[in-house]
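Reader: I have some questions about how the terms in this entry are applied. Could you go through them with me?

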Amino acid sequence: MGPRLILGKDVSEGIYSELRSRISALAAAGTVPGLAVVLVGDDPASQVYVRMKGRKCEELGMRSVTVKLPGDAAQAELMEKVRELNADPSIHGLLVQLPLPPHIDEDAVILAIDPAKDVDCFHPANVGRMLIGKPAFLPATPAGVQQMLARSGIETRGRHVVVVGRSNIVGKPMAAMMMQKGEGADSTVTVAHSRTADLAGVTRQADILVVAMGRPSSITGDMVKEGAVVIDVGTNRVPDPSSPKGERLVGDVEFESVSAKASAISPVPGGVGPMTICMLMANAVTAAERAAGVIQ
Ligand code: NDP
């Protein structure tokens, strides 16, 4: 018998159905949650993400605003757009799609976003709030991983969570969230990265292993403890001549060898992937509920 599969599609469907009820309640009280996405330039992957976000908003009955600026837009123009959207009461969530062109100061843009609308949870005020256990929003991808664990009934309290990767959008917030007091967390956390000595020795200690390296098939069966829960955040395109597109998506985890050891595992694709947009939508609904005074 293989390991149990933890599928983001199934988990996100449960969350979407809760969001639909919250959105209906808001609509009954006269508020339609509004999400604005600012896209600078024509990076194809960013265009796809922005389109997916807009489509999901519409599907859920939320308002979606996409602001497109040319790739050579000036910093001041982008900052002005952010200020306008900050001031627009029909917009509850606001994000600027990253990466930005190299001439733009990304930190300055993130700092300009009203923390109350910062649904990506990139503003330092929101990162700080998360760290002290008083979150306004949770960053979407790690929050999605936490929901996958919680909604699959996986105990995290007292378990050893090893996070491989220390990026600001996945690894660091993942570690910060799992070490918090309370439900869905209370874990003992270790963070590994490219300077970790003896990565396999560290990953073998994990009861729950969350991998966000961006290196295809790097975690192999011999690096995983028998019975561990493995969540693969990695999304890598690798050449595949047998596929019509000439490439396929693989995770950071070598699925076959790790499946032979794990008690539960999230595949790629179909695992964490759908969770990011789902948690972004959840943040936007939360922002609208706060603005409407439904929650504090
Ligand atoms: P980054 O490239 O920003 O970070 C990768 C991290 O992995 C770094 O901390 C790096 O260490 C570490 N790392 C790299 N090589 C090794 C190694 N050989 N051993 C140990 N650690 C290593 O990536 P992100 O965090 O942004 O994303 C990680 C992966 O998750 C990517 O594949 C990305 O596409 C995917 N992703 C998927 C999402 C989704 O499914 N919805 C959303 C977001 C990301 P160091 O800091 O020392 O360089």
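**Terms and values**

Reader: How do you know that a backbone N or O atom of valine 233 makes a polar contact with the ligand?

Author: This is a predicted model, in which local features need pLDDT of at least 70, side-chain atom pairs count only at pLDDT 80 or more, and totals for chains, interfaces and linings use all residues. Residues are numbered from 1 along each chain as its sequence is written, and side-chain values use heavy atoms, with hydrogens and water left out. A polar contact is a pair of N or O atoms within 3.5 Å. A backbone N or O atom of valine 233 lies 3.4 Å from a ligand oxygen, so the pair counts.

Reader: What distances do serine 167 and threonine 235 show?

Author: A polar side-chain atom of serine 167 is 2.5 Å from an oxygen atom of the ligand. For threonine 235, a backbone N or O atom lies 3.0 Å from a ligand oxygen. The protein buries 69% of the 930 Å² that the ligand exposes when taken alone (Shrake-Rupley method, 1.4 Å probe).

Reader: Why is threonine 203 called buried?

Author: Buried means under 20% relative accessible area, with a 1.4 Å probe and protein chains only. Threonine 203 has 1% relative accessibility, so the residue counts as buried.

Reader: What does the side chain of threonine 203 reach?

Author: The side chain of threonine 203 reaches the backbone oxygen of methionine 223 at 2.7 Å. A polar atom of that side chain also lies 3.2 Å from the backbone oxygen of alanine 200.

Note on methods
A polar contact is a pair of N or O atoms within 3.5 Å; within protein, one must be able to donate a hydrogen and the other to accept it, and residues adjacent in sequence count only if both atoms are side-chain atoms. Buried means under 20% relative accessible area, exposed over 50%, partly exposed in between (1.4 Å probe, protein chains only).
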